[in-house]
Amino acid sequence: MFGGGGMNPRKMKQMMEQMGIDVTELDVEEVVIRTGDEDLVFDDAQVTRMDAQGQQTYQVVGEPDSRDPGATALEGGDGSDAGDDSDEDDGIPEDDIALVAENAGVDAGTAREALAETDGDLAAAIANLE
């Protein structure tokens, strides 16, 4: 989990705890990074979240597939089409729903409702749910 350049992982973890840094491994199914030119899709990624000084940092490790922008959610074929249909109905991206659900600790339906109430404002939706 930690590089450390030869440092004992247990010692590294202890030092991080002393500095108020919390590291959590996340169980994710897919990570999508959207750029102007392409979508980078990590299907089997290892994701680590580090909480330090009120900031969250995510580390994604894996090999991405490059896809045309927008093709990721619509061409899934992995049995998750039900969520994609609702994305078209209310205009709320599934990535936003997943982000709000994860950060607020709620299910996708509750996250979708919160985003609808805040007109898609991620921060406001998370704040309302916490």
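This passage describes the fold, the nonpolar cores, one helix pair and several individual residues of a predicted protein model.

The secondary structure of the protein consists of 6 helices and 6 strands. Read from the N terminus, these elements follow the order α-β-β-β-β-β-β-α-α-α-α-α. Of the 130 residues in the protein, 23% are buried. The exposed surface of the protein amounts to about 8800 Å², and carbon and sulfur atoms contribute 46% of this area. When contacts between residues at least 6 apart in sequence are considered, 39% of them link residues at least 24 apart.

The largest nonpolar core comprises 9 residues, namely Ile 92, Ile 97, Val 100, Ala 101, Ala 111, Ala 114, Leu 115, Ala 125 and Ile 126. At least two residues of this core come from each of helix H4 (94–104), helix H5 (108–117) and helix H6 (122–129). A second core, separate from the largest one, has 5 residues, including Leu 26, Val 31, Ala 45 and Val 47. Within the largest core, Ala 125 may serve as an example. Apart from its neighbours within four places in sequence, Ala 125 is in contact with Val 100, Ala 114, Leu 115 and Thr 118.

The packing of H4 against H6 was examined next. The axes of H4 and H6 lie 9 Å apart and form an angle of about 35 degrees, and the crossing of these two helices is right-handed. On the H4 side, the contact is made by Asp 96, Leu 99, Val 100, Asn 103 and Ala 104. On the H6 side, Leu 122, Ala 125, Ile 126 and Leu 129 take part. The residues of this contact comprise 7 nonpolar, 1 polar and 1 charged. Val 100, Ala 125 and Ile 126 are named both in this contact and in the largest nonpolar core.

Among the strands, S4 (residues 46–52) contains Arg 49. Arg 49 counts as buried because its relative accessibility is 15%, and buried means under 20%. If residues up to four places away in sequence are not counted, Arg 49 touches Asp 22, Val 23, Thr 24, Leu 26, Gln 56, Thr 57, Tyr 58 and Glu 102. One of these residues, Leu 26, also belongs to the second core.

Val 28 is located in the loop that joins strand S1 (22–26) to strand S2 (31–34). Its relative accessible area is 24%, and Val 28 is therefore partly exposed; this class lies between the limits of 20% and 50%. Not counting residues up to four places away in sequence, Val 28 touches Ala 45 and Val 47, both of which are residues of the second core. Val 28 and Asp 44 are 16 residues apart along the chain, and their C-alpha atoms are separated by 8.0 Å.

Two loop residues were considered for their backbone angles. Gln 53 is placed in the loop between S4 and strand S5 (55–61). Its phi is near 55 degrees, which is a positive value in a residue other than glycine. Gln 53 is exposed because its relative accessible area is 80%, and exposed means over 50%. Asp 119, in the loop between H5 and H6, likewise has a positive phi, of about 55 degrees, although it is not a glycine. With a relative accessibility of 74%, Asp 119 also counts as exposed.

Terms used. Residues numbered from 1 in each chain as written. Predicted model: local features only at pLDDT ≥ 70, side-chain atom pairs only at ≥ 80, totals over all residues. Heavy atoms only, no water. Helix = DSSP H or I, 4+ residues; strand = E, 2+ residues; numbered from the N terminus. Buried < 20%, exposed > 50% of the residue type's maximum accessible area, 1.4 Å probe, protein only. Contact = heavy atoms within 4.5 Å. Core = buried A, V, L, I, M, F, W, Y, C linked by side-chain atoms within 4.5 Å. Axes fitted to C-alpha atoms, helices over the stretch in contact; angles between N-to-C directions. Left-handed = near helix turned anticlockwise from the far one by under 90°. Nonpolar A, V, L, I, M, F, W, Y, C, P; charged D, E, K, R; others polar. Areas by Shrake-Rupley, 256 points an atom, 1.4 Å probe, with all protein chains shown as cover.
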